[in-house]
Amino acid sequence: MSNPAFLELKHLHKQYGKREILRGVDFSIPAGGCYALVGPNGAGKSTTVRAIQGLTPLDSGEIRMDGQTLSTLGAAGRARIGVVPQMDNLDPDFSVEENLWTYGRYFRLPKTRIRQRSTELLDFMALSSYARQPISALSGGMQRRLTIARALINAPQLLLLDEPTTGLDPQARHLIWQRLRDLRRQGTTLLLTTHYMDEAERLADQVGIIDQGQILAQDTPRGLIESHIPGEVLELRRLDGSTPDPENWHQQQVMLSERVGDTLICYGQNLQQVMTHFVHNPDYRWLQRPASLEDVFLRLTGRNLREDGY
Ligand SMILES: Nc1ncnc2c1ncn2[C@@H]1O[C@H](COP(=O)(O)OP(=O)(O)OP(=O)(O)O)[C@@H](O)[C@H]1O
């Protein structure tokens, strides 16, 4: 039997003017689970996260946490949610620990509790030696870790992370991933939005691919790959910079191909035949590799920048 949902989103709809931003978003996360919402710019990820926070009123749909409708949980329910926004909004006039205290006071935690949580969280996020430093003394990765620590001050059961590692270097990203996995082991439920497929693959049990306000597919990372991309992938580029044109050959040989800029991504049952065709052709560069979540993402959400503002 699958675990009961801790967070449930049912048929979320949101319109700005005539434009439908969320068109029936549905998903759920069991307690202690991690769900990654991936999608192109403007897909509706932040709007979904803001709706859970109660910041964006919905036109219809329901959000339930721990079995209760969020709107009826009120402030007490929202206090069980920690939020890591897309942009760091730490207070530059305060020190590292003062930033945590401000949040603790916001949640009306007793002083002794704030002190204890601040010490624990600075240690957890490897920031103890920076406690008295101004925010300007922190690197981008440290600021991100402090933003996560701040979101954890009141020990929330659900942590919402809007693009938690965008713009960070690989070491900084790995440290954050490690801490997010630690949080899961402690029972925290995570919902993250990301543009990084490797992040979704590394952290999430379930990945939802959202585009134009709709979840196009959701499954485990492996399940998404296996059900959308058969076998390996061949990337083809022409040396003259033009995109390879599959018209005259791929129909008989390759099941599927997608154009991404100047690259043709091929996959299908007859990939080896296509390979032999190009290996000795000096006009082409090629790369054969295992299929990834990014291939699924590109296949489902379209390759080229759209002209409709998304
Ligand atoms: N207050 C608003 N008024 C009008 N349109 C809005 C408003 N907030 C968001 N939108 C539009 O809703 C769409 C979805 O925005 P959202 O921020 O949810 O996308 P996203 O998937 O988080 O994108 P990104 O990856 O760029 O952060 C966008 O086209 C955006 O312009």
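## A guided tour, starting at leucine 70

Leucine 70 is a buried residue, because 22 other C-beta atoms lie within 10 Å, and the cut-off for buried is 20 or more. Select leucine 70 first and you will be in helix α2, which covers residues 70-78. Keep in mind as you go that this is a predicted model.

Now show what surrounds this starting point. Setting aside neighbours within four places in sequence, leucine 70 is in contact with Gly54, Ile63, Arg64, Met65 and Gly77. For a distance to draw, try phenylalanine 27: 43 residues separate it from leucine 70 along the chain, and their C-alpha atoms are 15 Å apart.

**Zoom out to the whole chain**

Fit the whole protein chain in the window. Its C-alpha atoms fill a box of roughly 70 × 45 × 40 Å along the principal axes. Colour by secondary structure and you can look for eleven helices and 14 strands. Of the 310 residues, 34% count as buried. If you draw the contacts between residues at least 6 apart in sequence, 69% of them join residues at least 24 apart.

Next, select residues 7-237. UniProt, in an unreviewed entry, lists this span as "domain: ABC transporter". The span is 37% helix and 29% strand, and its end C-alpha atoms lie 44 Å apart.

**A loop stop: asparagine 41**

Select asparagine 41, in the loop between β3 (34-38) and α1 (45-53). Is this residue buried or exposed? Asparagine 41 counts as exposed, because it has 10 C-beta neighbours inside 10 Å. Add histidine 195 to the selection: it is 154 residues from asparagine 41 in sequence, yet the two C-alpha atoms are 8.5 Å apart in space.

**Two positive phi angles outside glycine**

Most residues other than glycine have a negative phi. With that in mind, pick aspartate 66, where phi is positive, near 50 degrees. Aspartate 66 sits in the loop between β4 (60-65) and β5 (68-69). It is partly exposed, because 17 other C-beta atoms lie within 10 Å.

Then jump to glutamate 163, which is not a glycine either and has a positive phi of about 50 degrees. You will find glutamate 163 in the loop between β7 (158-162) and α6. With 19 other C-beta atoms within 10 Å, glutamate 163 is partly exposed; the cut-off for buried is 20 or more.

**Helix against helix: α5 and α6**

From there, move on to α6 (residues 170-185) and bring in α5 (residues 140-151). Two packed helices are described by the angle between their axes and the distance between the axes. The axes of α5 and α6 come within 9 Å and cross at roughly 15 degrees. The two helices are therefore roughly parallel to each other, and their crossing is right-handed.

Show side chains at the contact. On α5, select Gly140, Gly141, Arg144, Arg145 and Ile148; on α6, select Ala172, Leu175, Ile176 and Arg179. Colour these residues by type and you get four nonpolar, two polar and three charged.

**The other partner of α5: α3**

Keep α5 on screen and add α3 (96-106). Which angle do these two helices make? α3 and α5 pack at about 25 degrees, with their axes 9 Å apart. That makes α3 roughly parallel to α5. This crossing is right-handed.

For the contact, select Val96, Asn99, Leu100 and Tyr103 in α3, which meet Leu146, Ala149 and Arg150 in α5. By type, the contact residues divide into five nonpolar, one polar and one charged.

**Just past α3: leucine 109**

Follow the chain out of α3 to leucine 109, in the loop that leads to α4 (111-124). Leucine 109 counts as partly exposed, because it has 19 C-beta neighbours inside 10 Å. Beyond residues up to four places away in sequence, leucine 109 touches Gly104, Ile114 and Asn154. Asparagine 154 is worth a distance line: it is 45 residues from leucine 109 in sequence and 7.6 Å away, C-alpha to C-alpha.

**Last stop: α11**

Finish by selecting α11, residues 293-301. Which of its residues are buried? Look for Leu293, Asp295, Val296, Phe297 and Arg299. After α11 comes glycine 302, whose phi is positive, near 85 degrees.

Definitions and conventions:
Residues numbered from 1 in each chain as written. Predicted model: local features only at pLDDT ≥ 70, side-chain atom pairs only at ≥ 80, totals over all residues. UniProt positions renumbered as here; feature names shortened; annotations may be inferred. Helix = DSSP H or I, 4+ residues; strand = E, 2+ residues; numbered from the N terminus. Buried ≥ 20, exposed ≤ 12 C-beta atoms within 10 Å, placed from the backbone. Contact = placed C-beta atoms within 7 Å. Axes fitted to C-alpha atoms, helices over the stretch in contact; angles between N-to-C directions. Parallel < 35°, antiparallel > 145°, perpendicular 65-115°, else oblique. Left-handed = near helix turned anticlockwise from the far one by under 90°. Nonpolar A, V, L, I, M, F, W, Y, C, P; charged D, E, K, R; others polar.
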